[in-house]
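The exercises that follow are meant to be worked with the coordinates open in a viewer. Each one sets a task and then goes through a solution step by step.

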Amino acid sequence: MSTKAAAEKLLNDGGYFNALDVGRLFGKSSQQGQRFINNLVDDPRYKVEQKFTPEHRIKVVSIAGRKQSIDVLQNTALLFARPKSLMGDA
C-alpha cells in the first residue's frame, strides 16, 4: 500500500480519520496508519484538513488539486461503475 493509494481511498470516503482508523482501513497497524497520515500532511500534493481535539484526525480534501477520487471520475466518464475485474485492487 502506498501513500497515494491511501490518499485516494481517504478522499473517496470523505471523512475524518485517525491513525487507528487508517490502519484498520488498510489492514495495517496504527503505527503504519500514523506513517500514512504523516506522509499526507507533509507532502504538498495532498491538501488535508486537520482536527486536533480530542485526537489528531485528518480529512483528505484534494490530491494535486483534484477533489474527486480517480474511481469517481472514471465512473462518471463511463456512465457506470467499473467492473471489479478491471480494477487494480481485485
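## Exercise 1: The chain as a whole

In this predicted model, buried residues make up 30% of the 90 residues in the protein chain.

**Task.** Determine how many helices and strands the protein chain has, and in which pattern they follow along the sequence.

**Solution.** Step one is to count the elements, which gives four helices and two strands. Step two is to read them along the sequence, where the pattern is α-α-α-β-β-α. Step three turns to the surface: the accessible surface of the protein chain comes to about 5800 Å², and 53% of this belongs to carbon and sulfur atoms. Step four concerns contacts with a separation of 6 or more, of which 43% are made by residues 24 or more positions apart.

## Exercise 2: The two strands and their loop

**Task.** Describe how β1 and β2 pair, and find the cis peptide bond.

**Solution.** Begin with the ranges: β1 covers residues 46-51, while β2 covers residues 57-63. The two strands pair in the antiparallel sense over six bridges, and one position to check is Lys-51, which stands opposite Arg-57 in β2. Together the strands form a hairpin, with five residues between them. Next, follow the backbone through this loop, where Pro-54 is placed between β1 and β2; the peptide bond that joins Thr-53 and Pro-54 is cis, with omega about -5 degrees. Finally, look at the side chain of Lys-51, whose charged end sits over the ring of Tyr-16 at 4.1 Å from the ring centre.

## Exercise 3: Burial along β2

**Task.** Is β2 largely enclosed or largely open, and why?

**Solution.** The first step is the count for the strand: five of the seven residues of β2 are buried, so the strand is largely enclosed by the rest of the structure. The second step takes Ser-62, a residue of β2, which counts as buried because its relative accessibility is 6%, below the cut-off of 20%. Leaving out residues up to four places away in sequence, Ser-62 touches Leu-11, Arg-45, Tyr-46, Lys-47 and Lys-67. The third step takes Val-61, also placed in strand β2, which is buried with a relative accessible area of 18%. With neighbours within four places in sequence set aside, the contacts of Val-61 are Leu-11, Lys-47, Val-48, Glu-49, Arg-66 and Lys-67. The fourth step moves past the strand to Ala-64, in the loop between β2 and α4, which is exposed with a relative accessible area of 62%. Ala-64 is not a glycine, although its phi is positive, at about 50 degrees.

## Exercise 4: Helix α1 and the nonpolar core

**Task.** Which residues of the largest nonpolar core touch the most other members, and which element gives the most to this core?

**Solution.** Start from the core, which has 16 residues; those that touch the most other members are Leu-10, Val-22, Leu-40, Val-60 and Ile-63. At least two residues of this core come from each of α1, α2, α3, β1 and β2, and α1 gives the most, with four residues. Then examine α1 itself, residues 3-13, in which Thr-3, Ala-6, Ala-7, Glu-8, Leu-10 and Leu-11 are buried. The residue that follows α1 is Gly-14, with a positive phi near 80 degrees. For Leu-10, the contacts beyond four places in sequence are Gly-15, Phe-17, Val-22, Leu-25, Leu-40 and Val-60. As a check on distance, Val-61 and Leu-10 are 51 residues apart in sequence, and their C-alpha atoms are 9.0 Å apart in space.

## Exercise 5: The aromatic pair

**Task.** How many aromatic pairs are there, and what is the geometry between Phe-26 and Phe-36?

**Solution.** The count comes to one aromatic pair. It is formed by Phe-26 and Phe-36, with 5.8 Å centre to centre and 70 degrees between the planes, an edge-to-face arrangement. Locating the partners, Phe-26 is in the loop between α2 and α3, whereas Phe-36 is in helix α3, ten residues apart. The last step is accessibility, and both Phe-26 and Phe-36 are buried.

How values were computed
Residues numbered from 1 in each chain as written. Heavy atoms only, no water. Buried < 20%, exposed > 50% of the residue type's maximum accessible area, 1.4 Å probe, protein only. Contact = heavy atoms within 4.5 Å. Pairing = 2+ DSSP bridges. Areas by Shrake-Rupley, 256 points an atom, 1.4 Å probe, with all protein chains shown as cover. Phe/Tyr/Trp six-rings, centres within 6.5 Å; stacked < 30°, edge-to-face > 60°. Lys NZ or Arg CZ within 6 Å of the ring centre and 35° of its normal. Core = buried A, V, L, I, M, F, W, Y, C linked by side-chain atoms within 4.5 Å.
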